[in-house]
There are 2 protein chains.
Amino acid sequence: MAAVTAVTRWRLLLVLSAAALGAAGAPQPPNILLLLMDDMGWGDLGVYGEPSRETPNLDRMAAEGMLFPNFYTANPLCSPSRAALLTGRLPIRNGFYTTSGHARNAYTPQEIVGGIPDSERLLPELLKEAGYVSKIVGKWHLGHRPQFHPLKHGFDEWFGSPNCHFGPYDNRARPNIPVYRDWEMVGRYYEEFPINLKTGEANLTQIYLQEALDFIRRQQAARRPFFLYWAVDATHAPVYASKPFLGTSQRGRYGDAVREIDDSVGKILHSLQDLGIAESTFVFFTSDNGAALISAPKQGGSNGPFLCGKQTTFEGGMREPAVAWWPGRIPAGQVSHQLGSIMDLFTTSLSLAGLEPPRDRAIDGLSLLPAMLQGQLMDRPIFYYRGNTLMAVTLGQYKAHFWTWTNSWEEFRQGIDFCPGQNVSGVTTHTQEEHTRLPLIFHLGRDPGERFPLSFASTEYLDALRRITPVVRQHQEALIPGQPQLNVCNQAVMNWAPPGCEKLGKCLTPPESVPEKCSWPH
Amino acid sequence: MAAVTAVTRWRLLLVLSAAALGAAGAPQPPNILLLLMDDMGWGDLGVYGEPSRETPNLDRMAAEGMLFPNFYTANPLCSPSRAALLTGRLPIRNGFYTTSGHARNAYTPQEIVGGIPDSERLLPELLKEAGYVSKIVGKWHLGHRPQFHPLKHGFDEWFGSPNCHFGPYDNRARPNIPVYRDWEMVGRYYEEFPINLKTGEANLTQIYLQEALDFIRRQQAARRPFFLYWAVDATHAPVYASKPFLGTSQRGRYGDAVREIDDSVGKILHSLQDLGIAESTFVFFTSDNGAALISAPKQGGSNGPFLCGKQTTFEGGMREPAVAWWPGRIPAGQVSHQLGSIMDLFTTSLSLAGLEPPRDRAIDGLSLLPAMLQGQLMDRPIFYYRGNTLMAVTLGQYKAHFWTWTNSWEEFRQGIDFCPGQNVSGVTTHTQEEHTRLPLIFHLGRDPGERFPLSFASTEYLDALRRITPVVRQHQEALIPGQPQLNVCNQAVMNWAPPGCEKLGKCLTPPESVPEKCSWPH
């Protein structure tokens with residue numbers, strides 16, 4: 001009863017004075033629940049046009065909330081986009097990039113030496129100031145060495161793993177990836193946490209679901225505002241689902257994984273409703289990068305009508321499904337054409353908590369509250385980076401490519417194809433093509449698939465370029481790149497002996513330390 | 001009041017005994033309203049994932065009705081697919097094909113000599129037996145010579161034109177296309193019915209809307225069951241919209257046309273509700289073929305995640321947006337995975353009227369009522385023809401291509417591209433490739449974009465082929481092709497002096513009659 005009253009009071013106050021939020025003596029700010037998918041594509045949800053339409057819960061979430069068809073990640077790869085979400089900053093600023101090759105994607109495999117720098121201020125760390133309790137469920141991916149541990153960066157609880165669930169390994173040349181509960185490992189993938197690569201069976205989404213439901217229940221009971229970051233990975237190859245879902249999708253194993261996640265999201269939203277906290281919980285669903293078409297069709301999703309996928313800065317690599325849900329606050333059944341970014345979730349969450357983003361650094365995220373609560377549209381650019389290279393920018397309906405590249409001819413000839421079935425001459429190039437002086441410009445409204453570059457001689461091209469040029473210049477002139485974290489690899493830093501391994505008798509002996517330049521082929 | 005009572009009685013009767021429908025003394029069967037789009041693609045509606053989401057009325061229609069994501073036309077070109085809709089028969093049966101080249105698409109330009117044969121029994125002709133009054137608004141496209149006139153084939157009223165709205169012509173080498181009201185022409189495109197090619201302005205959708213609203217009102221007042229075939233063409237190049245819609249879409253002129261049609265559909269559905277006949281009117285929305293990607297991005301739509309477009313037998317050419325709406329009868333917010341065909345609208349409509357399809361000929365359409373009213377799924381093949389050539393078949397989730405072809409290298413080198421930005425090696429071929437012995441097979445659930453043919457050696461391939469082969473053999477063995485109507489062209493048969501031209505002083509003198517083989521380049 002007291003909680004309900006507090007919520008009502010808080011809502012009233014929000015209407016009267018948004019500035020009062022989080023101030024001393026103010027009522028409880030809303031809970032924040034970010035549902036971050038792994039390699040799920042824009043086209044994977046029924047509401048985004050997936051023909052099999054197997055996501056009734058996510059479609060209902062959209063019908064009850066707000067859809068953002070123009071929502072972008074900050075990088076077409078997992079680690080940098082996750083670092084961007086939690087810092088509100090482009091990877092080029094927070095260090096999640098490499099300088100070891102031009103326009104190269106980099107991430108955090110277990111031989112990576114770097115991770116999230118202590119100088120970065122992460123969302124859960126900041127939310128503490130407003131009394132939030134924070135949990136990460138699932139994939140961290142911001143570095144796996146002790147100093148990068150999520151509980152050292154503001155999270156209070158963790159259930160999940162630091163790296164991708166690749167494997168199985170032999171624990172000699174390469175250890176299996178550990179699964180942590182809070183500070184310590186509780187097992188490893190393919191050992192205590194089995195993934196059957198042949199059948200695709202794994203119980204992990206169910207475990208992640210229970211972790212979420214349990215955390216939500218505990219915080220609701222304790223009347224504490226919470227931040228839950230639900231970063232599940234069933235749709236990342238090797239794709240998995242639990243037995244009740246295997247073989248149930250028209251889309252094969254990938255679809256089974258999507259169906260299990262959809263079912264879990266439905267259960268999470270229902271639990272918020274059952275606990276009476278739906279109207280005091282802001283929920284946002286999105287993905288870390290576009291569908292990995294290299295794994296399609298059996299282990300990869302769909303980017304709908306967009307060009308290429310993960311690893312590329314075409315729309316298929318960077319545009320993400322996005323749904324905001326906050327019953328009673330965000331009007332139901334709306335579509336926002338706001339250009340949104342995964343980094344906006346940082347600023348929006350702070351704003352919900354009544355906090356300001358740090359002022360001592362550049363923040364790339366905007367608060368989406370004006371878009372969500374008042375239907376406002378804010379003019380802002382979306383920058384598309386690959387490593388330390390600004391590949392493209394979108395402003396309004398216009399996207400300008402300064403560099404085009406998919407992957408090298410050498411890789412492509414080996415069958416590594418980020419754009420299967422797609423080929424736009426002069427655009428999906430296999431050499432790094434520079435267009436900085438005369439960018440290729442597309443109108444994304446008429447041509448969301450980036451197939452028809454505007455004519456360089458057209459008035460439309462010149463007008464678009466005239467608008468884009470100063471925005472890019474301003475961005476580049478003010479940019480202070482962070483210390484690159486993804487340059488150095490070392491077999492010795494792998495997950496040989498994570499904290500807690502002694503209790504389990506699962507410590508492995510690392511090889512000799514040999515730091516080397518990481519190899520980032522694309 | 002009487003009408004409401006009749007409707008209620010009829011609904012009761014339908015529940016008690018579907019067989020009683022249309023029998024002597026039976027109450028009034030439902031009105032039938034088919035909304036047929038021109039070159040609109042699967043991906044053009046918000047509910048099918050169009051990123052700009054500018055079709056609120058069609059999306060609402062889907063939310064209140066049933067979506068068919070697996071719905072197909074009978075041919076990737078306008079005339080044959082329209083002939084198939086109205087006869088319930090494949091073009092190879094009803095004569096809407098050519099034998100003048102292998103796998104060639106043919107249609108009814110104004111120099112065509114053929115048209116719908118008298119031996120074909122059209123839907124409005126059959127519906128007369130159940131007391132329906134029928135009107136066609138918009139494009140007929142089943143032949144423009146006097147014997148092919150829609151009012152000779154069962155329609156009671158017509159407002160529209162016999163051919164595409166191409167032009168303007170000089171009325172010397174080639175006449176402008178006439179616009180008819182019922183038996184006689186009332187003007188010509190680019191003359192009495194202007195289309196501004198430069199601005200895209202034309203008032204035609206508004207006229208077609210008023211024709212529909214007027215017809216509906218009149219039939220409702222007269223308490224007569226009606227069949228309205230609303231065949232608008234604003235989304236066919238040259239794409240047009242009226243002034244209030246021009247420039248309003250994020251998608252350019254094509255989007256303006258879609259927005260105007262969406263608005264019109266909303267007005268039509270509202271009018272049914274206002275007149276109290278929504279629950280006694282079956283409405284179905286679909287399109288004649290995939291989006292014409294040759295006209296993209298300025299004058300062509302979107303086929304979403306599907307391969308290629310109009311003119312091809314890939315999914316982009318043949319899979320159509322489809323929504324059924326019948327408040328109180330078809331449950332709201334449903335998705336049917338039934339493989340549906342435009343020809344099913346023939347059989348479904350007859351079934352709604354309590355009529356049986358003709359028994360003296362092969363009918364390819366099924367009644368979709370079991371799918372729509374009871375959620376049943378019926379196993380049935382979808383055949384993909386180009387001219388007289390069976391290019392492909394879909395059975396369940398498997399699609400087998402017996403021939404692959406887009407267009408010739410010669411055309412392609414001239415810039416005519418049915419698959420811009422798409423290129424699936426060995427699939428989107430520019431020579432006619434035969435695969436009749438070893439078809440290319442795709443799993444459309446995992447791979448709706450037809451990018452990953454199954455391995456010939458896989459068990460899955462062999463199982464699929466084993467299911468498909470007898471179905472195709474049975475189809476081909478039983479097939480009796482109709483007399484081809486689209487082989488012969490003649491400048492003398494063009495719209496020089498349509499009926500009514502005398503009154504308007506708009507008769508033109510035809511040239512000498514020189515019948516010749518039509519040229520069908522692809």
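**A buried aspartate**

Decide whether D288(A) counts as buried or exposed in this predicted model.

Solution. Start with the relative accessibility of D288(A), which is 0%. The limit for a buried residue is under 20%. D288(A) therefore counts as buried.

Next, place the residue: D288(A) is found in the loop between β9 and α8 of chain A.

Then list what surrounds D288(A). Not counting residues up to four places away in sequence, D288(A) touches residues including D38(A), D39(A), C78(A), R82(A) and E320(A). T73(A), N75(A), L77(A) and S81(A) are also among the residues that D288(A) touches.

Finally, look at one polar atom of its side chain. The backbone nitrogen of D39(A) lies 2.8 Å from this atom of D288(A).

**A listed site**

State which residues of chain A UniProt lists for "binding site", and find out how far apart they lie in space.

Solution. The unreviewed UniProt entry lists D38(A), D39(A), C78(A), D288(A) and N289(A) under that name. In sequence, these residues are spread over 252 residues. In space they cluster, with a largest C-alpha distance of 7.8 Å.

Now take C78(A), one of the listed residues. C78(A) lies in helix α3, which covers residues 78–87 of chain A. With its neighbours within four places in sequence left aside, C78(A) is in contact with Y107(A), K139(A), H141(A), D288(A) and N289(A). Two of the listed residues, D288(A) and N289(A), are thus named among these contacts.

**Cysteines without a bond**

Explain why C78(A) is in no disulfide with C164(A).

Solution. A disulfide is a covalent bond between the sulfur atoms of two cysteines. The step needs a cut-off, and for a disulfide the two sulfur atoms must be within 2.5 Å. The closest cysteine sulfur to that of C78(A) belongs to C164(A), and the distance is 4.9 Å, which is too far for a bond. As for its surroundings, C78(A) is buried, with a relative accessible area of 2%.

Chain B can be checked in the same manner. C164(B) is in no disulfide, and its nearest cysteine sulfur, that of C78(B), is 4.9 Å away. C164(B) has 3% relative accessibility and so counts as buried.

**Cysteines with a bond**

Find how many disulfides the whole structure holds, and describe three of them.

Solution. Over all chains, the search finds six disulfides.

Step one is the pair C308(A) and C419(A), joined with an S to S distance of 2.1 Å. This pair links distant parts of the chain, 111 residues apart. C308(A) is in the loop between β9 (281–287) and α8 (315–318), while C419(A) is in the loop between α11 (409–413) and β18 (433–434). The link is right-handed, with 100° about the S-S bond. Both cysteines, C308(A) and C419(A), are buried.

Step two is the pair C501(A) and C507(A), whose sulfur atoms are 1.8 Å apart. With 95° about the S-S bond, this link of C501(A) and C507(A) is right-handed. C501(A) is buried at a relative accessible area of 0%, whereas C507(A) is partly exposed at 37%.

Step three is in chain B, where C489(B) and C518(B) are joined (S to S 2.0 Å). Their S-S torsion is about 100°, so this disulfide is right-handed. The two cysteines are 29 residues apart: C489(B) is in strand β20 (residues 488–489), and C518(B) is in the segment after β21 (516–517). Both C489(B) and C518(B) are buried.

To finish, number the bonded cysteines of chain A in sequence order; their pairing reads 1-2, 3-6, 4-5.

**Where the chains meet**

Describe the interface of chain B and chain A by its residues, its area and its polar pairs.

Solution. First count the residues: 36 from chain B and 36 from chain A take part in the contact.

Then turn to area. The size of an interface is often given as the accessible area lost when the parts come together. Here chain B and chain A bury about 3000 Å² between them, and 58% of this is on carbon and sulfur atoms. In chain B, the residues that lose the most area to chain A are P51(B), R53(B) and R446(B), together 21% of what that side buries.

Last come the polar pairs. Twelve residue pairs are in polar contact across the interface of chain B and chain A. The count of salt bridges between chain B and chain A is zero.

Terms used: Residues numbered from 1 in each chain as written. Chains lettered and ligands numbered in written order. Predicted model: local features only at pLDDT ≥ 70, side-chain atom pairs only at ≥ 80, totals over all residues. Heavy atoms only, no water. Helix = DSSP H or I, 4+ residues; strand = E, 2+ residues; numbered from the N terminus. Buried < 20%, exposed > 50% of the residue type's maximum accessible area, 1.4 Å probe, protein only. UniProt positions renumbered as here; feature names shortened; annotations may be inferred. Contact = heavy atoms within 4.5 Å. Polar contact = N/O pair within 3.5 Å; in protein donor to acceptor, adjacent residues only side chain to side chain. Buried area = accessible area lost by both parts, 1.4 Å probe. Salt bridge = Lys/Arg side-chain N within 4 Å of Asp/Glu carboxyl O.
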